[in-house]
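Subject: Structure handover

Hi,

Here is the structure I promised to pass on. My notes follow below it.

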Amino acid sequence: MKRSVAILSSAVLVVALLTGCGKGDDNAEASKPTNQNQPAQAGDQANANDPLAQFPKLNLPFSVDPNAAVVEYQGGTLSGKEFETFLRVINFLNPMQGQMIEAADQEMLKTFAREFTATKILAAKADAAIEKESRETAEKSFDKIKGQYLSLLGKDEAKFDKLMENQGVSKDVVIDQMTLINNSINVLKKNIDDAALKKMYDGMNKESLTVASVRHILISTEKRKPEEALKLANDLAARLKKGEDFAKLAKEYSDDPGSKDTGGLYEDADVSQWVPEFKDAALNLPIGQISEPVKTDYGYHVMKVESRKQKSFDEMKEQLRAQVLEQEYDKFGKTELDKLITKYNLPEPKPAAGQAKK
């Protein structure tokens, strides 16, 4: 399993908050069957009007003695209190993780415990300079996270304080936890030098480095015969070559929901993400030229590349560093971590509601 929890820096976890909340709850609510003739209950209406309802309290699926050694490793232990705090902070930073925590079985609890033990072992190697950097980053990240929560809570500071109380965390606890996580990351980063990253960059192929702004109109073959789609694509290409507005025609004719509303534009996108035929056109079509219809599995595309460039080493450096960081953690896990852990004393998950304990 990839290091899906502790390897995330607090800066990354800030992003997770916004992507995991708000709209997702709206969609879930919209998908529920409703009876139009049945009046809403007072409690339901209160929840609907309370923004705190989208951040329910985390119910841990186990009980554990705060002083118990959940994990024993060479040089230390992971206590029950530390484990609970870790899980509550992760839920606060990324509520989507909370759903996974509440549903955790024994194997998943072991994964969480193993991840946090790795964090503790690596963080213990941090020197004063790393500790200072990690705490400063954590403090700035907390302010960003608080701002995101406030935007979802109507800028109500009292509601934010109540949310933290409900989740069993405090500002100091969250910052301390993020500092620990950042320490573990920065310890690994310390050994990743720019020379190694430059060597990786120099070995990358053209398509991996290229970003392009591309407009296109997709004429889908899903609901048309291929010959009908091709005819319409050719007609549109001819109109565009005569000078008609690309964005206007894309909004009117394109079957691509991902770009239709932006006038067919994908701006500064990595070309490597696209299907081969579309990617090849994005890489090779002369700038500003209207293409002949490009056939893919989706249908026919009329394309125009508005700009294209290769990302410089400076632009790629942090992305490459993140890749190496993941590799370094995997290496640590495979060659050191499991040798350092001497014993697991994991709490037994509670049976799910309505499910008999085995």
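Which residue in β2 is the bridge partner of Ala 69? It is Ser 79. Keep in mind that this is a predicted model.

**The chain overall**

The chain holds 15 helices and seven strands. Of its 358 residues, 41% count as buried. The accessible surface is about 19800 Å², and carbon and sulfur atoms account for 49% of that. Take the contacts between residues at least 6 apart in sequence: 76% of them join residues at least 24 apart.

**The three-stranded sheet**

That opening pair belongs to an open sheet of three strands. The order is β2-β1-β7, and the pairing is antiparallel. At the edges are β2 (76–79) and β7 (341–344), each of which pairs on one side only. Neighbouring strands here are turned by 20 degrees against each other on average, ignoring direction.

Strand β1 covers residues 69–73 and is joined to β2 by four bridges. Besides the Ala 69 and Ser 79 pair, Tyr 73 stands opposite Gly 76 in β2. β1 and β2 form a hairpin, with two residues between them. Gly 75 sits in that turn and has a positive phi of about 100 degrees.

Helix α4 (residues 80–93) lies across β1 and β2. It runs at about 55 degrees to β2.

**The four-stranded sheet**

Another open sheet has four strands in the order β4-β3-β6-β5, again with antiparallel pairing. The edges are β4 (265–270) and β5 (294–296). Each has a single partner strand, so one side of each is left without a neighbour in the sheet. Neighbouring strands in this sheet are turned by 40 degrees against each other on average, direction ignored.

Four bridges join β3 to β4, and the two run antiparallel. Arg 215 stands opposite Leu 265 in β4. Helix α13 packs on this sheet and touches β3 and β6. Its direction makes about 45 degrees with that of β3.

One backbone detail in β4 deserves a look. Asp 268 lies in this strand. Its phi is positive, near 45 degrees, and it is not a glycine. For context, most residues other than glycine have a negative phi.

**Helix α12**

Does the length of α12 agree with what its residue count predicts, and what are the numbers? The helix has 16 residues (226–241). At 1.5 Å a residue these should span 22 Å. The end C-alpha atoms are 22 Å apart, which agrees.

Its buried residues are Ala 229, Ala 233, Leu 236, Ala 237 and Leu 240. Seen down the helix axis, they fall within an arc of 105 degrees, so they line one face of α12. The general geometry explains such a pattern: an α-helix has 3.6 residues a turn, so residues three or four places apart point the same way.

What do the buried residues of α12 pack against? Their partners are β3 (210–220), α13 (246–253) and β6 (299–310). The face turned away from the buried side carries the exposed residues Glu 227 and Lys 231. After the helix comes Gly 243, with a positive phi near 110 degrees.

**Two loop residues**

Is Leu 52 buried or exposed? It has a relative accessible area of 14%, and the cut-off for buried is under 20%, so Leu 52 is buried. Its place is in the loop between α3 (42–49) and β1. Leaving out residues up to four places away in sequence, Leu 52 touches Leu 153, Lys 159, Lys 162 and Leu 163. Leu 52 and Leu 152 are 100 residues apart in sequence, yet their C-alpha atoms are 8.8 Å apart in space.

Lys 155 lies in the loop between α7 (128–152) and α8 (157–167). Its relative accessible area is 62%, and exposed means over 50%, so Lys 155 is exposed. Lys 155 is not a glycine, but its phi is positive, at about 60 degrees.

That is what I have so far.

Best wishes

How values were computed:
Residues numbered from 1 in each chain as written. Predicted model: local features only at pLDDT ≥ 70, side-chain atom pairs only at ≥ 80, totals over all residues. Heavy atoms only, no water. Pairing = 2+ DSSP bridges. Axes fitted to C-alpha atoms, helices over the stretch in contact; angles between N-to-C directions. Contact = heavy atoms within 4.5 Å. Expected span 1.5 Å × (residues − 1). Buried < 20%, exposed > 50% of the residue type's maximum accessible area, 1.4 Å probe, protein only. Arc of directions from axis to C-beta. Areas by Shrake-Rupley, 256 points an atom, 1.4 Å probe, with all protein chains shown as cover.
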